[in-house]
Amino acid sequence: MIRKTVWLACGVLRDELSRLHRDEMIGGELFFLDSMLHMAPPLLERTLREQLRQRCGACDRLVLVYGDCCAGMLDLAREFRAARTDSINCAQLLVGRKRYRELMREEAFLVLPEWAERWREVMEEALGPDAAAARELLKEHRSVLVYLDTGMVPVPVRQMEAFSAYSGLPWRSERVELDTLLTGLMDAEARAMTIMEGEKQ
Amino acid sequence: MAKSASGAACDCEEFYRQVLDAMINADRTKAAAIIERALDCGIPPARVIAEVLDPAIVQLGTLWEGESMSLAQNFIASKIAEDALLRCLPDHEKDRDRKGVAVIGNIEDDFHSLGRRTVGLFLNAAGWQVVDLGNDVPAEQFLEKAREVGARVIGVSAMMQTTAMNIRKLRDLIDGAGEQERIKLAVGGAVFNWRPELVTEVGGDGTTRNAVGADELFTCLQEQARIPERAL
């Protein structure tokens with residue numbers, strides 16, 4: 001009998017997960033939700049609950065490819081017997097805990113590829129009507145924009161320059177291989193398998 | 001109702017409405033001006049905090065929970081609230097260090113410093129000596145620092161459920177060392193407001209919904225942490 005894993009993931013990692021899937025590094029089925037849900041955690045939680053309800057029982061292993069993006073993320077995983085990737089957010093899932101910690105100490109504002117294309121949407125719409133206030137506060141808390149280049153698309157220099165000009169923060173690109181992400185996914189899938197086996201006993 | 005120097009009415013309810021509107025609209029300058037007006041009216045800073053800012057902060061939380069504002073909007077509004085609160089903090093320079101020492105920080109893996117910094121400012125203004133360990137602080141470091149500076153209360157902040165669970169390590173360390181009567185653990189952060197049961201789950205001795213209540217919480221916990229008679 002073929003065992004199937006369902007990966008329910010944030011759309012911010014769509015390209016990266018799809019590449020790993022195409023390269024047969026991960027199997028099963030991929031489902032993505034809009035990454036903008038991150039900006040409205042209660043709505044994200046409701047949407048995830050609905051998705052999990054639909055998929056729970058229709059697969060052998062359920063993996064949530066999410067950070068701690070809403071207040072009840074851990075409860076959702078428990079309730080639907082899903083495993084969750086062990087990271088506080090998607091950036092940490094890509095770069096690993098150690099590098100993430102270093103970047104945070106540098107006060108880096110991390111920009112994922114999918115997000116780089118939508119920075120204006122986030123900054124100008126989700127942050128509220130006063131762009132100047134948003135920029136001022138960003139500069140108070142961050143010192144540099146760091147684009148995490150996963151190699152899926154060319155570095156969006158034009159967008160990052162525009163974001164840099166808008167925010168007043170310098171930017172740089174940092175190459176990120178997919179092996180840390182893959183390890184995180186594999187660990188989560190192994191936990192999902194343990195959950196499944198525990199249920200059988 | 002108080003009157004300003006110009007004779008204008010000074011109504012806390014109206015100031016609350018205005019400042020909330022400024023926070024929601026990310027208008028930092030306007031929010032500051034409203035608070036200055038309230039203070040100029042002669043409303044005591046403590047009343048401005050209790051009747052203007054505190055309800056506004058609570059309402060921001062309600063809007064957030066009701067999905068009426070985004071994560072980023074909420075962050076900006078909270079930052080504006082912090083600025084406004086700072087304008088109301090009384091100068092307790094002469095009382096400094098009289099209340100005791102408070103060690104605060106964000107637990108390991110947590111990098112959301114806004115709430116912690118606001119709590120630090122409030123405690124400091126209320127007369128506490130605040131030792132702020134910053135973000136991403138291992139449990140061991142909290143306990144070591146508390147012993148070093150003689151703090152009876154450790155305040156630990158976490159924004160998310162996963163990082164909040166790391167506070168459990170500190171609880172276990174304190175208990176394991178038999179210091180649960182000497183050192184009390186205050187916990188706080190957004191996730192504790194959403195999930196109050198988490199306070200017990202991580203082993204917190206108490207919490208406060210926002211920075212406004214920090215002094216009262218820390219004072220209460222320090223009282224509880226007095227060294228038992230038999231130990232003297």
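Q: Which order do the four strands of the open sheet in chain A have?
A: This is a predicted model, where local features need pLDDT of at least 70, side-chain atom pairs count only at pLDDT 80 or more, totals for chains, interfaces and linings use all residues, and side-chain values use heavy atoms, without hydrogens and water. Strands (E, at least two residues) and helices (H or I, at least four) are DSSP runs numbered from the N terminus, and two strands pair if DSSP finds at least two bridges between them. In chain A, the open sheet has parallel pairing, and its order is β2-β1-β3-β4.

Q: Which strands stand at the edges of that sheet?
A: Residues are numbered from 1 along each chain as its sequence is written, while chains are lettered from A and ligands numbered from 1 in the order in which they are written. An edge strand here has a single partner strand, so one side of it is left without a neighbour in the sheet. In chain A, that describes β2 (29-33) and β4 (83-84).

Q: Which residue is the bridge partner of A:V63 in β4(A)?
A: Strand β3 (residues 61-65) of chain A runs parallel to β4(A), and two bridges join them. For A:V63, the partner in β4(A) is A:A83.

Q: Which helix lies between β6(A) and β7(A) in their β-α-β unit?
A: Strands β6 (residues 144-149) and β7 (residues 171-175) of chain A run parallel, joined by five bridges, and A:L148 stands opposite A:E174. Their β-α-β unit is right-handed (with the strands pointing away from the viewer, the path from the first strand over the helix to the second runs clockwise), and its helix is α9 (residues 157-167) of chain A.

Q: How far apart in sequence are the parts that A:R99 and A:E174 tie together?
A: Side chains of opposite charge can pair when their charged atoms come close. A:R99 and A:E174 form a salt bridge (a side-chain nitrogen of Lys or Arg within 4 Å of a carboxyl oxygen of Asp or Glu), with their closest N and O atoms 2.8 Å apart. A:R99 is in helix α5 of chain A and A:E174 in strand β7 of chain A, so the pair ties together parts whose separation in sequence is 75 residues.

Q: Which residue in β4(B) is the bridge partner of B:V103?
A: Let's move to chain B. Strands β3 (residues 100-106) and β4 (residues 128-132) of chain B run parallel and are joined by five bridges. B:V103 has as its partner in β4(B) residue B:V131. Between these strands the chain crosses through helix α5 (residues 114-125) of chain B in a right-handed β-α-β crossover, and the partner asked for is B:V131.

Q: What is the area buried between chain A and chain B?
A: Contact (heavy atoms within 4.5 Å) links 32 residues of chain A with 27 residues of chain B. On the chain A side, A:A71, A:L137 and A:H141 lose the most area, together 21% of what that side buries. Carbon and sulfur atoms give 57% of the buried area (accessible area, 1.4 Å probe, that two parts lose on being put together, summed over both), and the total is about 2,600 Å².

Q: How many salt bridges are counted between chain A and chain B?
A: One of the links is the pair B:D109 and A:R97, whose side chains meet at 3.0 Å, N to O. Between the two chains, the salt bridge count is seven.
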